[in-house]
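Please open the model in your viewer and keep the selection panel at hand. The tour moves from one selection to the next and says what is there at each stop.

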Amino acid sequence: MGSEIKVVPMRVLVTGGSGLVGKAIEHVVQEEGGKLEGEEWIFLSSKDADLVDVGQTRAVFEKYRPTHVIHLAAKVGGLYLHMKENLHFLRDNIKINDNVLQTAHEMGVTKMVSCLSSCIFPDKTTYPIDETMIHNGPPHDSNFGYSHAKRLIDVQNRAYYQQYGHRYTAVIPTNVFGPYDNFSIENGHVLSALVNKTYTAKKEGSPVNVCGSGAPRRQFIYSLDLGRLIVWVLREYEEIDPIILSVGEEEELSIKEAEDLIAKALDFTGKIQFDTTMSDGQMKKTASNAKLRRYRPNFTFTPLNEVS
């Protein structure tokens, strides 16, 4: 099979290809020489297929016949939407993931890389968290539906390998930011929502209202860095066990520090207030990138303040 892979150029299907991470991978592939001669990369959006539906999933796989898959598609939302709709996030994501993984199996996909999330980490744990600790206790209550659905991808990857020898693996990025993000205040990622709030406050001459205390701490990874690393995982990472893709522990910032950076970048000099009646979510989920550093000791991450 190894010689086959060398002879036949990859045909890579990227689910969720129109989102933040999908657009970053597309940039890496098309603009940074990430695509090798003869390869075909197909970036799907929800307009191409509703992956909750097994028939539509199968039809899109039949159409493109991928040899490799990067699975980014998911039903996602901001913290407060997750808190309201845990059941919907659980059911839809289980369906999406099972449809994609099983269809890939049935159609002989050589390798798949799925994208998990740092919210899958256990809520009560020791820090930093590494790849061996994913299932050591329940995730945070705020988005347990989405988190359990994402954890199941890791379980399925192991099962596909045990039963069929498939090389299906997963990456676990920390908080992603960058071009093509969803800047919705209700459903966007934390940094993009804060950018929108701060921009609007500056325009209207009003204060910025930040949900929660500002104390939770997060590691932020630039989407293009993540795109470069996911392409590397697809080509070179051979483990079934997942790999955390993140800046180091020392790069962790509080939400307040992140908002201060955004305010400085946007030249916002107004008042920033923290609504402590709103949930903070998980206070910290510090992840270790030691495994990544063993593989890629010289990879350079883009600092947050250089792109803010």
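Is tyrosine 127 buried, partly exposed or exposed? Tyrosine 127 counts as partly exposed because its relative accessibility is 31%, where buried means under 20% relative accessible area, exposed means over 50%, and partly exposed lies in between, computed with a 1.4 Å probe on protein chains only.

Before going further, please note that this is a predicted model, in which local features need pLDDT of at least 70 and side-chain atom pairs count only at pLDDT 80 or more, while totals for chains, interfaces and linings use all residues. Residues are numbered from 1 along each chain as its sequence is written, and side-chain values use heavy atoms, with hydrogens and water left out.

**First stop: the loop around tyrosine 127**

Stay on tyrosine 127, which sits in the loop between strand E4 (111–115) and helix H6 (144–164); helices (H or I, at least four residues) and strands (E, at least two) are DSSP runs, numbered from the N terminus. Now add proline 128, which is found in the loop between E4 and H6, and inspect the peptide bond that leads from tyrosine 127 to proline 128, which is cis, with omega near 0°. Leaving aside residues up to four places away in sequence, tyrosine 127 touches Lys284, Lys285 and Thr286, contact being defined as heavy atoms within 4.5 Å. If you also select glutamate 249, you will find its C-alpha atom 9.5 Å from that of tyrosine 127, although the two residues are 122 residues apart along the chain.

**Second stop: lysine 291**

Select lysine 291 next, in helix H10 (residues 290–295). With a relative accessible area of 8%, lysine 291 is buried, and, again not counting residues up to four places away in sequence, lysine 291 touches Glu131, Tyr237, Glu239, Asp241, Pro242 and Ile243.

**Third stop: tryptophan 41 and the H2–H8 pair**

Tryptophan 41 belongs to strand E2 (residues 40–43) and counts as buried, at 8% relative accessibility. Beyond residues up to four places away in sequence, the residues that tryptophan 41 touches include Ile25, Val29 and Val231, and the remainder of its list is Met10, Val12, Val14, Lys35, Ile70, Leu234 and Arg235. For a long view across the model, draw a line from tryptophan 41 to serine 206: the C-alpha atoms are 45 Å apart in space, and the residues are 165 apart in sequence.

From here, select helix H2 (residues 20–31) and helix H8 (residues 223–236), which pack at an angle of about 70° with their axes 8 Å apart; axes are lines fitted to C-alpha atoms, for helices over the stretch in contact, and angles run from 0 to 180 degrees between N-to-C directions. H2 and H8 are therefore roughly perpendicular to each other, given that angles under 35 degrees count as roughly parallel, over 145 as roughly antiparallel, 65 to 115 as roughly perpendicular and the rest as oblique. H2 passes H8 in a right-handed crossing, a crossing being right-handed if the near helix is turned clockwise from the far one by less than a right angle, and left-handed if anticlockwise. To see where they meet, show Leu20, Val21, Ala24, Ile25, His27, Val28 and Val29 in H2 together with Ser223, Leu224, Leu226, Gly227, Arg228, Ile230 and Val231 in H8. The residues of this contact of H2 with H8 divide into ten nonpolar, three polar and one charged, where Ala, Val, Leu, Ile, Met, Phe, Trp, Tyr, Cys and Pro count as nonpolar, Asp, Glu, Lys and Arg as charged, and the others, Gly among them, as polar.

**Fourth stop: the H3–H5 pair**

Move on to helix H3 (residues 54–64) and helix H5 (residues 86–106), whose axes are 10 Å apart and which pack at an angle of about 45°. That angle makes H3 oblique to H5, and the crossing of H3 and H5 is right-handed. The contact is made by Val54, Thr57, Arg58 and Phe61 of H3 and by Asn99, Val100, Thr103, Ala104 and Glu106 of H5, and the residues of the contact of H3 with H5 divide into four nonpolar, three polar and two charged.

**Last stop: two positive phi angles**

Arginine 65, in the loop between H3 and strand E3 (68–71), has a phi near 45°, a positive value in a residue other than glycine, and is partly exposed, with a relative accessible area of 43%. Aspartate 267, in the loop between helix H9 (255–265) and strand E12 (272–275), has a phi near 55°, also positive in a residue other than glycine, and counts as exposed at 54% relative accessibility.
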